[in-house]
Amino acid sequence: MVVASVDNLADERSKAQFDVGAMKIVWAGSKHVFDVTDRMARIVASDPEFRKDNRTTLGRKELFKNTLRKMAHVVKRANELRLTEEEASKLRFFVDEPGYLDLHWGMFVPAIKGQGTEEQQEKWLPLASRMEIIGCYAQTELGHGSNVQGLETTATFDPKTDEFIIHSPSLTSYKWWPGGLGKVSTHVVVYARLVSGGQEHGIYGFIVQLRSLDDHTPLPGIIIGDIGTKFGSGAYNTMDNGFVCFNRVRIPRNHMLMRFCQVTREGNVCLSDVPKQMVYGTMVYVRQTIVSDASWALSRAVCIAVRYSAIRRQFGSQDRGIETQVLDYKTQQSRLFPLLASAYAFRFVGEWLKWLYADVTERLQANDFSTLPEAHACTAGLKSLTTSVTADAIEECRKLCGGHGYLCSSGLPELFAVYVPACTYEGDNVVLLLQVARFLVKTVSRLAAGKKPVGTTTYMGNAEHLMQCKSSASSPEDWLKPSVVLEAFEARAFRLAVACARDISKFSTPEAGFAELSIDLVEAAIAHCEVIVVSRFIEKVQQDIPGDGVKEQLQILCFIYALHLIHKHSGEFLSTGCITPEQATLANEQLRTLYGQVRPNAVSLVDAFNYTDHYLGSALGRYDGNVYATLYAQALRDPLNDTVVPDGYEEFIRPVLKQTMRLSRL
Ligand SMILES: CCCCCCCCCCCCCCCCCCC/C=C/C(=O)SCCNC(=O)CCNC(=O)[C@H](O)C(C)(C)COP(=O)(O)OP(=O)(O)OC[C@H]1O[C@@H](n2cnc3c(N)ncnc32)[C@H](O)[C@@H]1OP(=O)(O)O
Ligand SMILES: Cc1cc2nc3c(=O)[nH]c(=O)nc-3n(C[C@H](O)[C@H](O)[C@H](O)COP(=O)(O)OP(=O)(O)OC[C@H]3O[C@@H](n4cnc5c(N)ncnc54)[C@H](O)[C@@H]3O)c2cc1C
């Protein structure tokens with residue numbers, strides 16, 4: 001009997017039809033980013049303090065303390081090595097477990113930068129940058145998360161003392177979920193209803209000190225703790241998501257973040273001349289980072305599943321000879337290669353979104369708010385699309401690895417458990433898609449009023465054509481024409497959006513129509529987001545891309561991405577009349593051909609992610625392919641194998657056996 005050997009991966013690598021080194025640079029974004037990423041990944045992988053293979057076996061307290069140690073080590077190494085911000089955040093990234101540093105640097109600091117006045121930034125940012133204080137972001141409450149305007153916590157101005165009184169009026173108003181709040185943070189940006197002169201003025205951020213800087217005990221009026229163990233072993237349980245109740249806690253007036261709204265000494269509320277949604281700016285920033293990060297989580301799962309599928313052999317042999325690599329099965333390819341293509345697609349759309357975010361930020365600084373609605377729709381929609389696909393894909397990769405995928409040592413259960421809340425935090429994915437839909441319906445009605453759409457909705461300007469066009473695809477090869485693919489995607493998205501707008505107008509009020517048609521609206525929003533991803537991918541592969549065969553591989557992946565979506569949503573493409581059933585069949589035929597073209601390159605395409613074995617954290621995804629020996633070694637290290645005869649034998653196994661013996665003698 002021939003068993004799978006580690007040589008499988010070497011064989012696979014020898015088949016690559018492209019320059020893997022050049023693809024690594026394309027994946028990273030530039031040579032500079034590649035170098036930084038590679039160096040930081042190696043520093044983490046070689047440091048025993050960052051060991052993570054025991055995480056799923058630790059109890060909550062041990063796990064949390066372990067994370068505190070690692071976060072402190074990140075700060076220490078960043079200082080010792082004099083890392084730049086870019087390097088430090090990569091180093092932290094490869095440590096690969098949620099911790100309070102993320103909320104401090106990822107939300108607390110951006111909230112102050114985005115919503116604080118210059119004076120406030122001068123006061124708080126140096127303290128935060130030196131980590132003399134540790135902060136978090138407390139918006140969500142026990143009773144309200146998605147509906148920010150429904151928050152109950154109040155910040156009432158007291159003109160007698162020149163202070164705000166932060167108060168939680170009910171159990172449902174307790175802040176609930178903020179990461180870093182439960183046990184670590186000394187400070188928080190709390191979102192609360194501003195009340196002055198007996199009137200409410202909307203939701204704003206307030207900096208509140210939570211704990212003593214001397215002994216870390218909660219300050220008077222503050223009841224605070226961790227909200228409890230979360231889904232999965234290890235996973236997000238490294239984070240102290242917390243609750244806090246404020247019992248009339250007083251803070252100085254200048255602790256309100258006052259960039260967009262000022263409260264004077266007398267209690268007058270002065271709104272600056274900017275859209276009130278600017279208060280939501282930190283969420284827009286984080287949503288954009290979540291889109292960039294989706295491709296990392298997705299590519300990691302795909303890397304594990306592709307390598308293991310090349311190692312794993314089942315069936316297909318006569319006379320107990322060598323069996324077939326499961327990667328050779330078309331069904332395996334049809335489940336796996338679209339995910340590989342999606343990883344590349346999300347990488348490129350993430351880079352583009354970073355650009356869009358930088359652009360809108362620059363405009364906002366110059367008081368140009370014109371692109372804010374589009375930036376909100378893009379960040380919300382792409383956050384929703386990429387995280388939903390990634391979470392589902394991680395679970396699919398687990399199944400693609402058969403039984404071994406269910407072992408923690410595959411790395412996939414924990415990756416799923418740690419990733420899946422991304423579908424909820426920073427905005428529930430359905431709630432965010434409804435925001436996109438609202439934007440689309442508005443765009444369609446503006447179109448009817450003769451206004452030209454811009455940005456990612458520019459394609460809708462071609463309204464007449466998009467409503468009438470019929471796809472010209474008459475052979476499988478036609479589905480390799482960017483114009484044919486794009487036209488189908490744009491027509492489907494536009495027709496769905498127009499149908500929603502038309503149907504809404506039949507209801508007594510737009511609100512009633514929007515509520516009743518929300519299922520269709522979500523589908524229209526997804527279709528629009530897919531236009532963005534497909535068109536960015538097409539744009540990317542039309543650029544000059546250095547490296548032998550690199551562009552060709554990316555073109556193959558681009559068409560797999562697009563055509564698998566046509567297959568997945570064939571109902572919509574057909575019912576909107578964008579393509580015919582025959583054309584759908586041709587697209588499928590082309591897809592099958594493309595799978596065959598990816599097959600010899602699959603392992604090298606995941607090697608291009610350049611992941612260390614430490615980061616992958618998977619016996620199945622190891623670079624050297626030594627899967628079975630690693631699975632066995634890790635099984636032997638399980639705490640249950642510490643003793644040959646288990647704890648509990650005397651108490652619970654022996655009596656049962658004795659009882660059985662007695663029964664058999666009867
Ligand atoms: C030395 C060591 C160094 C180490 C370095 C380490 C570095 C580490 C860095 C790590 C960085 C990583 C950071 C990532 C960490 C991620 C962890 C996750 C933590 C999670 C946090 C959270 O979840 S925070 C809470 C998030 N909450 C939400 O997202 C709530 C969702 N709800 C909403 O956003 C809103 O309520 C709403 C949008 C759904 C509805 O709002 P509202 O009721 O006001 O609006 P309407 O629907 O009526 O719309 C009105 C109008 O406003 C427009 N609009 C809405 N939102 C926005 C917006 N954000 N921007 C612009 N415009 C907006 C909307 O479209 C409407 O417009 P109209 O024109 O009127 O139609
Ligand atoms: C791991 C994790 C970390 C978090 N970290 C933070 C943090 O640091 N700071 C912070 O402030 N918050 C944090 N949160 C909270 C998070 O932002 C909220 O959970 C999120 O915004 C969703 O809100 P919700 O829980 O109220 O969900 P809900 O809105 O109650 O959603 C429940 C269901 O209702 C549906 N629904 C809700 N509204 C609508 C609607 N209008 N139309 C159709 N369907 C609807 C949703 O789709 C969902 O299916 C975190 C959450 C998690 C899971």
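By class, the shell around ligand 1 in this predicted model is made up of 16 nonpolar, 13 polar and five charged residues. That shell holds 34 residues in total, and Gly 106, Gln 277, Tyr 280, His 376 and Gly 427 are the closest to the ligand. Several helices contribute to these surroundings: two or more residues each come from α4 (60–80), α5 (85–95), α6 (100–115), α8, α10 (372–400) and α12.

A second ligand has its own surroundings. Around ligand 2 there are 20 residues, of which Gln 139, Thr 140, Gly 145, Ser 146 and Trp 177 come nearest. Here the elements that supply two or more residues are the strand β1 (135–138) and the helix α12 (429–448). Helix α12 gives the largest share, three residues. Sorted by class, the shell around ligand 2 has 11 nonpolar residues, eight polar ones and one charged residue.

One of the residues just met also appears in a database record. An unreviewed UniProt entry places the feature "binding site" at Thr 140 and Gly 179. These two positions are spread over 40 residues of sequence, yet they cluster in space, with a largest C-alpha distance of 10.7 Å. Are they buried or exposed, and to what degree? Thr 140 counts as partly exposed, because it has 18 C-beta neighbours inside 10 Å, and a residue needs 20 or more to be called buried. Gly 179 has 25 other C-beta atoms within 10 Å and is therefore buried.

Both positions are found in loops. Thr 140 lies in the loop between β1 and β2 (154–158), while Gly 179 sits in the loop between β4 (175–176) and β5 (187–196). Leaving out residues up to four places away in sequence, Thr 140 touches Gly 145, Lys 175, Trp 176, Trp 177 and Pro 178. With the same kind of sequence neighbours left out, Gly 179 touches Pro 98, Tyr 100, Asp 102, Leu 103, Cys 136, Met 239 and Asn 241.

Stepping back to the whole chain, the protein has 23 helices and 13 strands. Its radius of gyration is 27 Å, close to the 26 Å that the globule rule gives for 666 residues, so the protein is as compact as a globular protein of that length. Along the principal axes, the C-alpha atoms fill a box of roughly 90 × 75 × 65 Å. Of the 666 residues, 47% count as buried. Among contacts with a separation of 6 or more, 74% join residues that are 24 or more positions apart.

What lies in the interior? In soluble globular proteins, nonpolar side chains tend to be buried together. In this model the largest nonpolar core has 196 residues, and Phe 206, Ala 301, Val 302, Leu 340, Cys 397 and Ala 497 touch the most other members. Helix α8 (residues 281–311) provides the largest share of this core, 18 residues. For Phe 206, the contacts beyond four places in sequence are Ala 155, Phe 164, Ile 166, Val 190, Ala 192, Ile 251, His 255, Met 256 and Leu 257.

Helix α11 makes a good final stop. Seven of the eight residues of α11 (residues 412–419) are buried, so this helix is largely enclosed by the rest of the structure. The buried residues are Leu 412, Pro 413, Glu 414, Leu 415, Phe 416, Val 418 and Tyr 419. They pack against α8 and α10.

Key: Residues are numbered from 1 along each chain as its sequence is written. Chains are lettered from A and ligands numbered from 1 in the order in which they are written. This is a predicted model: local features need pLDDT of at least 70, side-chain atom pairs count only at pLDDT 80 or more; totals for chains, interfaces and linings use all residues. A residue is near a molecule or strand if its C-beta atom, placed from the backbone, lies within 6 Å of it. Helices (H or I, at least four residues) and strands (E, at least two) are DSSP runs, numbered from the N terminus. Ala, Val, Leu, Ile, Met, Phe, Trp, Tyr, Cys and Pro count as nonpolar, Asp, Glu, Lys and Arg as charged, and the others, Gly among them, as polar. The radius of gyration is taken over C-alpha atoms; the globule rule is 2.2 Å times the number of residues to the power 0.38. A residue is buried if 20 or more other C-beta atoms lie within 10 Å of its own, exposed if 12 or fewer, and partly exposed in between; C-beta atoms are placed from the backbone. Two residues are in contact if their C-beta atoms, placed from the backbone, lie within 7 Å. A nonpolar core is a set of buried Ala, Val, Leu, Ile, Met, Phe, Trp, Tyr and Cys residues joined through C-beta atoms within 7 Å. UniProt positions are given in the numbering used here, feature names are shortened, and annotations may be inferred rather than shown by experiment.
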